[in-house]
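Me: I should like a close look at a single part of this model, with the pairing within it set out in detail. Please then place that part in the context of the rest.

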Number of protein chains: 2
Amino acid sequence: MSGERLIYLPLGGAGEIGMNAYVYGYGKPGKERLMLVDVGVAFPDMDSSPGVDLILPDLSWLVENLDRLDGIVITHAHEDHIGALGHLWPLLKKPVYARKFTASIGRLKFEEAGLPLDAIHTLEARPAAVEIGPFTVQFLPMPHSIPESSGLIIDSPAGRILHTGDFKRDPSPIVGEGWDDAMLEAVAAETPVKAMMCDSTNVFSLNPGRSEASLAEPLTELIRGASGMVVATTFASNVARLKTLAEAARAADRSICVLGRAMKRMVSVAEETRVLTGFPRVVSPEEALEIPRRNLMLLVTGSQGERRAASAALSRGKYLGFEMKQGDTFLFSSKTIPGNECGVYKLMNAYSEMGVNVVDDNNGKYHVSGHANRPDLEHIHRIFLPDMLVPMHGEHRHLREHVRIAHEAGIAGIVATNGMMVDLTGDVPKVVQHIEAGRVYLDGTAQIGSMDGVVRDRIRLALNGLVMVTIILDEQNEPLGEAWVELMGLPAIGLGERPLTETLEAELTEFLERASGKIISDDDKLDEALKRIVRQVAMEEIGKKPEVRVVISRLTAE
Amino acid sequence: MSGERLIYLPLGGAGEIGMNAYVYGYGKPGKERLMLVDVGVAFPDMDSSPGVDLILPDLSWLVENLDRLDGIVITHAHEDHIGALGHLWPLLKKPVYARKFTASIGRLKFEEAGLPLDAIHTLEARPAAVEIGPFTVQFLPMPHSIPESSGLIIDSPAGRILHTGDFKRDPSPIVGEGWDDAMLEAVAAETPVKAMMCDSTNVFSLNPGRSEASLAEPLTELIRGASGMVVATTFASNVARLKTLAEAARAADRSICVLGRAMKRMVSVAEETRVLTGFPRVVSPEEALEIPRRNLMLLVTGSQGERRAASAALSRGKYLGFEMKQGDTFLFSSKTIPGNECGVYKLMNAYSEMGVNVVDDNNGKYHVSGHANRPDLEHIHRIFLPDMLVPMHGEHRHLREHVRIAHEAGIAGIVATNGMMVDLTGDVPKVVQHIEAGRVYLDGTAQIGSMDGVVRDRIRLALNGLVMVTIILDEQNEPLGEAWVELMGLPAIGLGERPLTETLEAELTEFLERASGKIISDDDKLDEALKRIVRQVAMEEIGKKPEVRVVISRLTAE
């Protein structure tokens, strides 16, 4: 009989950036009591997940072990940490704990989804604590690019875990608690840290991170120097940046108007929960339209070039009465997330065509990251000197590099990606089991497994186009009429300027006339034969092998 | 009656990066004799052009005015300048002029396409010249990231044009002629430049460009310090980089093996045309497999994460007998072109999983750009002091910024994007006409207009999935059998765990039973009614409106 063990199991966020979901467990092997940290989403793209609305972590393993799950903790309100909560909570139905800003955002999601608001419990930052099964959990405030982001101090009978959450080392984050070495050292002195699960996003950034406060001066200067209207965008949840931008606008004698639902919501939740105070007065769009352009700044959503955001609407022309003009300035106080470049450049070019001056982050002059850079990671390693480091929140290359720098500092480390259950009980982390982890696509209202073939079919349709063949046979296997062909996503004309459908129909009809009864009477064989002909003819006519669907209707005497 | 005029008309490359095709003309308005500079491609992507093989400029206007076209000049052998030549030359059939390396690459393309090799004429660099209609054209050697890249000196009765082509200000480009202020100043002193058409790619890069020669030392140090096998990738056509890498490998006592067809071809054409000399001896893959890993460097294609390149093949496992292992190094001596990030990161993570050390350009330590940065652009403006500047090779934002810096230097400038015909005859450039310019998709062997709807249909299929409905009616408009539904790219199961096809079939069949004769006898009305039902049911069942195709078969007595 073996004793208790302490385990860590990432189900999302380890081996990718996004879709964070980390499980901790303590107890006898296979009977550990479990706790889930974060339930985030990842965002789909046309290359790998066309048509999909959101990507959710596959929590099947947790659902199978639901009687062992005692609670859910959310570290902060970014979508990659909280975005799947409304979609997946109905599978779990366990109490959720978060700090007040995060809890408010969570309750808005629950309200929209018709879920019970009282499932979300507000927990203050340490020393407040909650017991979740065998764990005692405290929120450890950590600066990040959203209010009240927190690390977790997780005490278990097998020792203390420090789960950093997303963080940056910023003594002056404008909103919320600043980085405080003395406080962290005090925490470190309380109890040794057995294992640190640590943000790895910026492990390849070699310079120390810069403070949010460093942006105030350059932003003020920029906005003061602008002639026409200024429109600024950043991540909607970066409330500190919104404040910095708004104060810079005020210093430049400009009124502020916020456009975009997500941004208005973030500001209002931040004010309601009192994490944001002293935000300059905001004018309504109607009021703003009466203000001279050089006395106005719009704060808008859409820093990533999202098609439905305010920034994109403004790039297409009039939006809520506003129209950008020659000499106006559009500021991206944000970085472009890899994969979003084309959308952002499209915006920039649209503004350029309007004669608008487009200003990007200017190599960091107008934007700082919300994540700890390598020297900052090394700094937190030194403060807590954990027995072992398990990097999270990163692609494989980030996790591996993070382990490498931990090793250099003499700390045991392990690369654990989604589905790898790690035993933390001993002196070094050990992979003890591989769990089936994966992605679930939220597609309309349906949840479909990423391996179900649905999205693979969409990609094939997009790459290859589709030929649909309909044939009708009577009881004697005689074709009634000719084969009927329709195309989707394929050129209409083949070689010799002849319509591709005609060529295909002629070939298929000819085949049906000469095909043996053995083939024509067997749906599968006939289907295969017709598909082969379509592919072959298409290859000759348009140099491409399309997807083919064949519908064979057999009529019987009634 | 008006006199002659000198015109410039970009048909590709102005307002985008890629697909370069610029027309110059001289003569009476509407009767100008024409010359085409470059016939490049752009590359498709899943977002906007799924399934497409290549994007070609739409040369319809040129084809309509073919009797006025006297020749084609190619500035250099990058695909965005020469890639469409083999596909579009059959529409033009005019003599092509290029320097010998470029001409050799062109002839290889013509050979593959079965086109007459003698249509491509080799022209040496200046003072050699060719008359193309009213123009006298000379190649002006310019350093770039491929051998024998050239600007064009185009003399016309209305004055001299300097078409820079792609260039960087590099006195030591390793392969080919270095940047030479004295030579350029001599050219400038010959004849004043009326108009300069200038590369705009790096107008937002504020520091002067660095020389290819600056890479030798860091690369040698890196490769010398590596323990296992080194695999390096860069753009296949960057022959200078290949030489730098190969020499660094030799200095580190490593043999060199080249993998990837495009790269082997570039090296061999460069050696045959004598633009590349002194390239270290290359071993075959068979020989390389006998060499200890720490004495070997592979040079491979696929710096942009291309799925079919050698780099990707190695990331998937064994390739031509080679297999990357723990402790090997993979070097990206290249930058990631915007839009390719995800593919490159995928490679990096795959190598990371193998334990391979992945090294990227390291903020320019292991890669320099082939394009002139802003100070270098200002430098060439100063050398030639053109009457007017027309930026090319850039998105709108690049062109606009380039005009702005020209204005600051007191040079008249204009943003002219694809399709804008500019009259250069007077003191300032003037847009005189808008020509229909656009993109043609090479799709398999077919060429389809980007506005034809084919690709739009593919995108819709990928985003929305497809429902195919088949119904058969007899002469009395009675359904024969039930409606038949097939899905592609849609979840199989709807609400209440019922198959979506069943729900759809039931609803459609019910509709057919109660539909009026007026609807059921009219193909268009019936089609519309069935589509509406499918969309509505799908919206209820899966929260999504799919594409729908309906095939109605009407059987008549024979």
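Reply: Two strands are taken as paired if DSSP finds at least two bridges between them, strands being DSSP runs (E, at least two residues) and helices runs of H or I with at least four residues, numbered from the N terminus. The model is predicted, so local features need pLDDT of at least 70 and side-chain atom pairs pLDDT 80 or more, whereas totals for chains, interfaces and linings use all residues. Residues are numbered from 1 along each chain as its sequence is written, chains are lettered from A and ligands numbered from 1 in the order written, and side-chain values use heavy atoms, without hydrogens or water.

The part chosen is an open sheet of 3 strands in chain B, antiparallel in its pairing and ordered β5-β24-β25. Its edges are β5 (54-57) and β25 (446-449) of chain B, each of which pairs on one side only. On average, neighbouring strands are turned by 35° against each other, direction ignored (axes are lines fitted to C-alpha atoms, for helices over the stretch in contact; angles run from 0 to 180 degrees between N-to-C directions). Strand β24 (residues 439-443) of chain B is joined to β25(B) by 4 bridges, and Y441(B) has I448(B) as its bridge partner in β25(B). Helix α3 (residues 85-92) of chain B packs on this sheet and touches β5, β24 and β25 of chain B, contact meaning heavy atoms within 4.5 Å. The direction of α3 makes about 35° with that of β5(B).

Elsewhere in chain B, S237(B) sits in the loop between β14 (230-233) and α7 (239-251). With a relative accessibility of 10%, S237(B) counts as buried (under 20% relative accessible area; exposed is over 50%, partly exposed in between; 1.4 Å probe, protein chains only). Beyond its neighbours within four places in sequence, S237(B) is in contact with residues including H78(B), S145(B) and M266(B).

As for the two chains, a rotation of 180° with 0.1 Å of shift along its axis superposes chain B on chain A (RMSD 0.1 Å). This is the relation of a two-fold axis; the superposition is by least squares on the C-alpha atoms of residues with pLDDT of at least 70 in both copies. Of the interface residues of chain B, 100% are also interface residues in chain A, so the copies meet through the same surface.
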